[in-house]
Structure formats: C-alpha cells, structure tokens
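Biologist: Hi! Please walk me through this one in plain words.

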Amino acid sequence: MLSEEDDVDIHALKRQGMTISEIARRTDHDRKTIRAYLAGDRSPGVRRRAEPDPFDQFVDYVTARLTEDPHLWGITLHDELIPLG
C-alpha cells in the first residue's frame, strides 16, 4: 500500500517520462504495485482484504441485538453467536 505522498511522487515521475521499472527502482516498490497505482486499480491509503471478513454474516444480527439492548454484555452476545457459526 502506498501513501498519498508516494502516489503523487510516482505520478510525477511518470509525467517526467520515466518508465515503470525506473520508478520502481527509485521508489523501492514493486513494478506491479507501481503499475496498479498508475492505472488507477489501487488507491493510496486503502488496503484491500485478502479474504472476506468472517464477521460480515453476523453484522445484521449484532446490530439488531445491540439496538434492542444497548447494555448487552459482550460475552452474552458471543454465546449467542457461537451456535450461529
């Protein structure tokens, strides 16, 4: 993941006519990373998950339970989620 400053730098180097390999050597990043940022496939400061978040399937249930009882203990909620998977 590149910072916004790094992203600005690689775009400036590209405008100066440098190749992706030259930019990668100069900034000490992989060529594929440089290529992805220049193409707009990645955004600075945004990290992509390697796999889906396993908690996503429980968000609606947890939100409903905490809306219903905002003082619900975490261990109680945990005990309710165990049988759900």
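Modeller: A word to start with: a residue is buried under 20% relative accessible area, exposed over 50% and partly exposed in between (1.4 Å probe, protein chains only). This is a predicted model, where local features need pLDDT of at least 70 and side-chain atom pairs count only at pLDDT 80 or more, while totals for chains, interfaces and linings use all residues. Residues are numbered from 1 along each chain as its sequence is written, and side-chain values use heavy atoms, leaving out hydrogens and water.

Biologist: Thanks! Is Asp-41 buried or exposed?

Modeller: Asp-41 counts as exposed, because its relative accessibility is 61%.

Biologist: And where is the place of Asp-41?

Modeller: Asp-41 is in the loop between H3 and H4. Those labels are for helices (DSSP runs of H or I, at least four residues; strands are E, at least two), numbered from the N terminus.

Biologist: How far apart in space are Asp-41 and Ile-75?

Modeller: From C-alpha to C-alpha they are 41 Å apart, and in sequence 34 residues separate them.

Biologist: New topic. How many salt bridges does the structure hold?

Modeller: There are two. A salt bridge here has a side-chain nitrogen of Lys or Arg within 4 Å of a carboxyl oxygen of Asp or Glu.

Biologist: Which side chain does Glu-68 meet?

Modeller: Glu-68 pairs with Arg-65, at 2.6 Å from N to O. The two are three residues apart in helix H4 (residues 59-68), so about one helical turn separates them.

Biologist: And which side chain meets Arg-65 in the bridge of 2.7 Å?

Modeller: That partner is Glu-80, again with the distance taken from N to O. This pair links distant parts of the chain, since Arg-65 sits in helix H4 and Glu-80 in helix H5 (residues 74-81), 15 residues apart. Put together, Arg-65, Glu-68 and Glu-80 form a network of salt bridges.

Biologist: Nice! Is Arg-65 buried or exposed?

Modeller: Arg-65 is buried, with a relative accessible area of 15%. Its partners read like this: Glu-80 is partly exposed at 22%, and Glu-68 counts as exposed at 59%.

Biologist: On to rings. How many aromatic pairs does the structure hold?

Modeller: Just one. The rings are those of Phe-55 and Phe-58, with centres 6.3 Å apart and planes at 55°, so the pair is tilted. Rings of Phe, Tyr and Trp (its six-membered ring) pair if their centres lie within 6.5 Å; planes under 30 degrees apart are stacked, over 60 edge-to-face, and the rest tilted.

Biologist: Is Phe-58 buried or exposed?

Modeller: Phe-58 counts as buried, at 10% relative accessibility. Phe-55 is partly exposed, with a relative accessible area of 38%.

Biologist: Last thing: what about the phi of Asp-28?

Modeller: Asp-28 has a positive phi of about 60°, even though it is not a glycine. Most residues other than glycine have a negative phi.

Biologist: Where does Asp-28 lie?

Modeller: In the loop between helix H2 (20-27) and H3. Asp-28 is also exposed, with 69% relative accessibility.

Biologist: And helix H3 itself, where I spotted Arg-35?

Modeller: Yes, Arg-35 has its place in helix H3, and it is partly exposed, with a relative accessible area of 43%.
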